[in-house]
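Reader: Could you take me on a close look at the sheet in this model, and at what packs against it? I'd love one connected walk through the strands, the helices and the loops between them.

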Amino acid sequence: MNGSVRDYDEEALRQLLATDPRVLEQELDVALLDDRVVVSGVVPTEERRRAVHDVLVEAVGDLPIEDRTEVARFPPPDGAERIA
């Protein structure tokens with residue numbers, strides 16, 4: 001199957017990532033550029049990042065996917081947490 005980016009809709013792909021139970025990420029950006037799908041944003045885990053890629057492959061498997069998502073990095077706490 002040889003599709004083109006014209007065969008897909010950015011908003012539909014964003015909605016797919018927001019509603020697929022493997023991903024459930026509403027803040028991801030999807031752009032259809034030239035001959036590829038570009039996804040960017042921040043996800044909480046490497047597993048979620050892989051799920052984003054997997055869902056897009058299932059949706060547009062015939063197009064290259066440029067995955068610019070990043071896994072969130074949280075600095076370690078500085079000091080003991082106090083509960084009042």
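Author: Happy to! The sheet is open and has three strands, in the order E1-E2-E3, with mixed pairing. E1 and E3 are the edge strands, each with a single partner, so one side of each has no neighbour in the sheet. On average, neighbouring strands are turned by 10° against each other, direction ignored. Please keep in mind that this is a predicted model.

Let's take the pairings one at a time. E1 and E2 run antiparallel and are joined by five bridges. Within this pair, valine 30 stands opposite valine 39 in E2, and leucine 33 is opposite arginine 36 in E2. The two strands make a hairpin with two residues between them.

One of the residues in that turn deserves a pause. Aspartate 34 lies in the loop between E1 and E2, and its phi is near 50°, a positive value in a residue other than glycine. As background, most residues other than glycine have a negative phi. Is aspartate 34 buried or exposed? Its relative accessible area is 67%, and because exposed means over 50%, aspartate 34 counts as exposed.

On the other side of the pairing scheme, E2 (residues 36-43) and E3 (residues 65-71) run parallel and share seven bridges. The chain gets from E2 to E3 by way of helix H2 (residues 46-60), and this β-α-β crossover is right-handed. Two pairs show the register: valine 37 has isoleucine 65 in E3 as its bridge partner, while valine 43 stands opposite valine 71 in E3.

Now for the helices that pack here. H1 lies across E1 and E2 and runs at about 145° to E1. H2 packs on the sheet as well, where it touches E2 and E3, and its direction makes about 160° with that of E3.

H2 allows a nice check of its geometry. With 15 residues at 1.5 Å a residue, H2 should span 21 Å, and its end C-alpha atoms are 21 Å apart, so the two values agree.

Which residues of H2 are buried? They are Ala51, Val52, Val55, Leu56 and Val60. These residues cover an arc of only 140° around the axis, so they sit on the same side of H2. Their packing partners are H1, E2 and E3. On the other side of H2, Glu47 and Glu58 are exposed.

H1 offers a residue to zoom in on, too. Arginine 14 is found in helix H1 and has a relative accessibility of 23%, so it counts as partly exposed. Setting aside residues up to four places away in sequence, arginine 14 touches Leu28, Asp29 and Val30. Val30 brings us back to the hairpin, as valine 30 is the residue opposite valine 39 in E2. For a sense of distance, the C-alpha atoms of arginine 14 and proline 75 are separated by 29 Å, with their positions 61 residues apart along the chain.

Finally, let's look at the loop that leads from H1 to E1. Leucine 24 lies in that loop, and although leucine 24 is not a glycine, its phi is positive, at about 50°. Glutamate 25 is found in the same loop, between helix H1 (10-19) and strand E1 (29-33). Is glutamate 25 buried or exposed? Its relative accessible area is 14%, and because buried means under 20%, glutamate 25 counts as buried.

What is glutamate 25 in contact with, leaving aside its neighbours within four places in sequence? The contacts are Leu17, Ala18, Val42, Val43, Pro44 and Arg48. Val43 is familiar from the parallel pair, where valine 43 stands opposite valine 71 in E3.

So the two loop residues with charged names make a good pair to view side by side: glutamate 25 is buried, at 14%, whereas aspartate 34 is exposed, at 67%.

Terms used. Residues numbered from 1 in each chain as written. Predicted model: local features only at pLDDT ≥ 70, side-chain atom pairs only at ≥ 80, totals over all residues. Heavy atoms only, no water. Pairing = 2+ DSSP bridges. Helix = DSSP H or I, 4+ residues; strand = E, 2+ residues; numbered from the N terminus. Right-handed = clockwise from strand over helix to strand, strands pointing away. Buried < 20%, exposed > 50% of the residue type's maximum accessible area, 1.4 Å probe, protein only. Contact = heavy atoms within 4.5 Å. Axes fitted to C-alpha atoms, helices over the stretch in contact; angles between N-to-C directions. Expected span 1.5 Å × (residues − 1). Arc of directions from axis to C-beta.
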